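Reader: Could you take a close look at the side-chain pairing in this model, and then place it among the nearby backbone and packing details? I would like one connected account with the cut-offs stated as they come up.

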Amino acid sequence: MRLATPVCMTNEGVTTQGTVCFDPQSTQGTPLTGLALPLPLERCGDAVFCAAHGLRYPMVGGSMAKGISSAAMVIELGQHGMLGFFGSAGLPLETVDATITQLQQALPEGPFGVNLIHSPNEPDLENALVDLYLKRNVHLIEASAFLSLSPAVVRYRLHGIHRDGQGNIVTPNRIIAKVSREEVARHFLSPPPQKILDELVAQHVITAEQAALARQIPMAEDVTAEADSGGHTDNRPALSLFPTICALRDTLHQEFGYATKPRVGLGGGIATPTSAAAAIAMGAAYLVTGTVNQACCESGTSDIVRQMLAEARQADIAMAPAADMFEMGVDVQVLKRGTMFSMRAAKLYELYKRYASLDQLPVDERDKLEKTFFRASLNDVWNSTREFFLKRDPRQVQRAEQDPKHLMALVFRSYLGQATHWANDGDTSRRMDFQIWCGPSMGAFNEWVRGSFLEQPHQRRVVCVNLNILFGAAVLTRANTLRRQGVVLNEADVLTTPLTTEQIKECLRD
């Protein structure tokens, strides 16, 4: 429990004072049978990562779209030495702009970041977000759901790149890339593509000198290996994904000779001390939490969703078509228990693949959609969808009016997009249609906290939850060190049940 002091095991038990020796034949002290060195929470990750981002603890609250990772959550984490990312995806630009102001006022020296989600079907939106971040001097983003690098994310990374007086390359803007595929990790662990550099030079966005500097840096100094998570995910097992990304990082670092070796963190499944201890044992530079934060009081969702998440088990999840990449067949992981969203979303994608337009839908299928899914005629749904895209991206409307299948996709996507708003707003009339991004780690967390004060949703505070995960991981790490030395520990010797924030701070003070 007292992480700042060593644990010395002898034949007589635990000792914290006196003289111990490693030689069992020595008469100069008590023979040592087991030793666990101090393990402050600050050492449970990469110290360079923490220094680079101004953190005390190597804990990151990952971004969750549509403000689910809210300003309140980001501020709480930042004020307690952890890093949070605001979930800007799917929000109007004016909302993102106002939130940046709020974050900069509450955390003038940081740490905080904002999400940039890949929008392959809406590049103008991605560009608009980058324009906003550059204008507002947002120097850290979490890049998520990228399939390949876009000119927008490269432009963000290279803005203001220069050499300092000592000749070192300085990049004011940093990216933490969230990836679950090797080919995507390669993009972010490599320098920006030459083709995009040439385009940016031709457009006078960067100079030729800046392009030359860009060839010497990775797109991201930090890459999160995202395993089986909520939202966009490939359901990758962490035990396979993390070492693969680390090996790729090592290869590319050697190939390009970066001044600073990129760091690899782990997210997706980090919800208990045991999973966090496993990540630490594998050498994760930092830990990323997500789904468990959505169940906390500070998240930008509704109380009814928090209650549903608190009741979730590991098997209560499913894959469903993603609204932003519907036509591409990309899925997101969502909560299945208590809703019919995953089944209804899958039905929409099935109809989209089978038919060329709304007019081709069988009468019974169309009738079912209008009565149970949309609760309106498909013509009315298209009219409202059309109005939405005329403001957001008029080119989508132009394309839809020429391509009936694209029109059908936009209509179906409207259901998927609104399903998240119904959940965040707590619209009980639409409970069966709630889209709640959720990974199996939620069930693991609920099992761990069962019977403790954290079992109740209203007690779940984001700092308390994340500190408990990290603190418990440190305790387990030291316990496992002793076990590997042959020390037999009783369950009572290894306390990983949740503590209050004040109890944890008291333990850390000693």
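Author: A salt bridge is taken here as a side-chain nitrogen of Lys or Arg lying within 4 Å of a carboxyl oxygen of Asp or Glu. The model is predicted, so that local features are accepted only at pLDDT of at least 70 and side-chain atom pairs only at pLDDT 80 or more, while totals for chains, interfaces and linings use all residues. Residues are numbered from 1 along each chain as its sequence is written, and side-chain values use heavy atoms, with hydrogens and water left out.

With that criterion, Arg157, Arg174, Glu221, Asp222 and Arg263 are joined in a network of salt bridges, and the structure as a whole holds 29 salt bridges. One of these pairs Glu42 with Arg56, whose closest N and O atoms are 2.8 Å apart. Because Glu42 sits in the loop between β4 (30–36) and α1 (47–53) and Arg56 in the loop between α1 and β5 (59–61), this pair ties together parts that are 14 residues apart in sequence; helices (H or I, at least four residues) and strands (E, at least two) are DSSP runs numbered from the N terminus. Glu42 counts as partly exposed at 29% relative accessibility, and Arg56 is likewise partly exposed with a relative accessible area of 44%, where buried means under 20%, exposed over 50% and partly exposed in between, with a 1.4 Å probe and protein chains only.

A salt bridge over a wider span in sequence is formed by the side chains of Arg461 and Glu298, at 3.2 Å from N to O. It links distant parts of the chain, 163 residues apart, with Arg461 in the loop between α18 (441–449) and α19 (462–483) and Glu298 in the loop between α11 (291–294) and α12 (303–310). In this pair Arg461 is partly exposed, with a relative accessible area of 43%, whereas Glu298 is buried at 8%.

A further pair lies within one helix: Arg366 and Glu370 form a salt bridge with their closest N and O atoms 3.5 Å apart, and both belong to helix α14 (residues 363–373), where they are four residues apart, about one turn of the helix. Arg366 is buried, with a relative accessible area of 18%, while Glu370, at 21% relative accessibility, counts as partly exposed.

Aromatic rings add another kind of pairing. A search of the whole structure finds 13 aromatic pairs, the rings of Phe, Tyr and Trp (its six-membered ring) being paired if their centres lie within 6.5 Å, with planes under 30 degrees apart called stacked, over 60 edge-to-face and the rest tilted. The rings of Phe146 and Phe188 have their centres 5.8 Å apart and their planes at 90 degrees, so this pair is edge-to-face. Since Phe146 lies in the loop between β8 (140–144) and α5 and Phe188 in helix α6 (residues 182–189), the two rings tie together parts that are 42 residues apart in sequence, and both Phe146 and Phe188 are buried. By contrast, the rings of Phe256 and Tyr258, with centres 5.7 Å apart and planes at 25 degrees, are stacked; Phe256 is partly exposed at a relative accessible area of 31%, and Tyr258 counts as buried at 6%. Ring pairs also link Phe341, Phe373, Phe374, Tyr415 and Trp422 into a cluster.

Turning to helix packing, the axes of helix α5 (residues 151–158) and helix α7 (residues 194–202) come within 10 Å and cross at roughly 70 degrees; axes are lines fitted to C-alpha atoms, for helices over the stretch in contact, and angles run from 0 to 180 degrees between N-to-C directions. Helices α5 and α7 are therefore roughly perpendicular to each other (65 to 115 degrees, against under 35 for roughly parallel, over 145 for roughly antiparallel and oblique for the rest). Their contact is made by Pro151, Val154, Arg155 and Leu158 of α5 together with Ile196, Leu197, Glu199 and Leu200 of α7, contact meaning heavy atoms within 4.5 Å.

Beyond α7, His204 lies in the loop between α7 and α8 (208–214), has a positive phi of about 60 degrees although it is not a glycine, and counts as exposed at 73% relative accessibility.
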